[in-house]
Amino acid sequence: RTALMFLSRREGLKDAATRLPALGRVAKRFIAGERMEDAVSAVKELNARGLSVSFDHLNETVRTESETREEVREYLRLLARIDQVGARGNVSLKLTQCGLLFDRELALANARTVVAEAARRGSFVRIDMEQSEFTQVTLDIVRALHREFGQAHVGAVLQSSLYRTEADARALCAEGIRIRLCKGAYLEGPEVAYQDKRDVDASFVRTLHVLLGSGLYHGIATHDERMIDAALTYAREHQVAPGAYEFQMLHGIRRDLQERLAQEGHPVRVYVPYGKHWYPYFMRRLAERPANVWFVLKNFLQG
Ligand code: FDA
């Protein structure tokens with residue numbers, strides 16, 4: 001996992017990797033395609049199967065102001081397209097896509113433009129969570145956007161791998177901010193994060209109890225059936241109705257589970273990434289599951 005996460009951050013590999021046809025074929029398992037219309041087609045199919053979505057235009061760690069402006073334009077086009085095709089979905093946005101790496105005010109201003117447009121259209125923007133060095137500033141920006149646009153139009157993500165998460169969940173819930181809870185996809189050190197999967201899972205369960213007890217509409221983002229069972233058990237024992245929260249999963253992962261939960265009457269949202277900068281996202285998906293590396297090698301060997 002460490003090696004794959006290291007490779008995911010190598011800027012030099014990004015362009016070379018995205019030009020390899022065999023890798024592109026494998027990436028298609030996790031990414032809807034390189035164009036917005038590829039994502040729209042995938043979403044039509046998911047909506048028809050009773051699943052809602054969150055679109056994500058892939059491009060993280062953007063380093064120039066002009067590129068951040070291009071990202072904002074893409075999101076404005078995306079929000080318009082969602083309305084135009086009547087897709088059941090919202091959008092997810094990363095703050096490093098908006099300039100957080102080099103200018104915090106620019107990141108806030110860019111995110112604000114996207115959230116303002118989503119609010120105008122009655123839609124919602126989930127601000128994805130990235131590495132722990134950005135946790136505090138990301139939550140500060142979400143809070144500023146929430147004060148201006150309210151809980152219907154912007155929400156946060158918390159990662160159960162971080163020690164701070166249960167306390168963050170309590171604070172954000174008290175402020176009325178909607179949360180997506182996930183385990184955390186980044187490699188973090190013992191000074192900020194649990195290193196043992198059992199501790200990450202225990203933190204996930206503790207935090208999901210906070211969320212489900214809050215009366216707000218949150219997203220439980222996991223493919224782990226034990227985490228899903230923990231949510232269902234808590235909801236049953238504390239009379240939390242099935243429509244009072246949603247499950248969220250990633251495009252291409254556990255489609256069987258997505259459909260089963262939807263058929264049982266639980267709202268399920270699928271995260272649908274698209275775009276040509278898929279390399280870091282794809283590498284994180286490989287790192288999560290070593291078996292995926294064999295899948296890649298098999299595809300290479302098949303040419
Ligand atoms: P876990 O890793 O324990 O996996 C449980 C089971 O799920 C595995 O046994 C396997 O069956 C299946 N599975 C999981 N990952 C797989 C993969 N890559 N390929 C194939 N099967 C796989 N992270 C973050 O840091 N910031 C964020 O903003 C988000 N956003 C986000 C949105 C949504 C909707 C989801 C579902 C996830 C995220 N994540 C994220 C990613 C998250 O933190 C985490 O890395 C992955 O969801 C994998 O963790 P699981 O909870 O699935 O458990």
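**Exercise 1.** How many aromatic pairs does the count come to?

*Solution.* Keep in mind that this is a predicted model. Start with the cut-off: two rings pair up if their centres lie within 6.5 Å. By this rule, you end up with 5 aromatic pairs. Now take one of them, Phe 30 with Phe 282: the centres are 6.2 Å apart and the planes make an angle of 50°. Planes under 30 degrees apart would be stacked and over 60 edge-to-face, so this pair goes down as tilted. Last step, find the two partners: Phe 30 is in the loop between helix 3 (21-27) and helix 4 (36-48), while Phe 282 belongs to helix 12, so the pair ties together parts 252 residues apart in sequence.

**Exercise 2.** Work out which residues and elements surround the ligand.

*Solution.* Begin with the shell: there are 26 residues around the ligand, and Gly 184, Lys 197, Thr 222, His 223 and Glu 288 come nearest. Next, sort the shell by class: 11 residues are nonpolar, 6 polar and 9 charged. Then look at the elements: strand 4 (154-159), strand 5 (178-182), strand 7 (246-250) and helix 12 (279-288) each give at least two residues. Strand 7 has the largest share, with 3 residues.

**Exercise 3.** Find polar contacts of the ligand's oxygen atoms, and say how much of the ligand is covered.

*Solution.* Go through the partners one by one. A polar side-chain atom of His 223 sits 2.7 Å from a ligand oxygen. For Gln 159, a side-chain N or O atom is 2.9 Å from an oxygen of the ligand. With Ala 185, a backbone N or O atom does the job, at 2.9 Å from a ligand oxygen. Now the cover: on its own the ligand has 930 Å² of accessible area, and the protein covers 87% of that. To finish, the ligand's space is the largest pocket.

Key:
Residues numbered from 1 in each chain as written. Predicted model: local features only at pLDDT ≥ 70, side-chain atom pairs only at ≥ 80, totals over all residues. Heavy atoms only, no water. Near = heavy atom within 4 Å. Polar contact = N/O pair within 3.5 Å; in protein donor to acceptor, adjacent residues only side chain to side chain. Areas by Shrake-Rupley, 256 points an atom, 1.4 Å probe, with all protein chains shown as cover. 1 Å grid on protein atoms, 1.4 Å probe; cavity = no way out; pocket = protein on both sides within 12 Å on 5 of 7 lines; lining within 4 Å. Sits in = over half its atoms within 2 Å of the grid points. Helix = DSSP H or I, 4+ residues; strand = E, 2+ residues; numbered from the N terminus. Nonpolar A, V, L, I, M, F, W, Y, C, P; charged D, E, K, R; others polar. Phe/Tyr/Trp six-rings, centres within 6.5 Å; stacked < 30°, edge-to-face > 60°.
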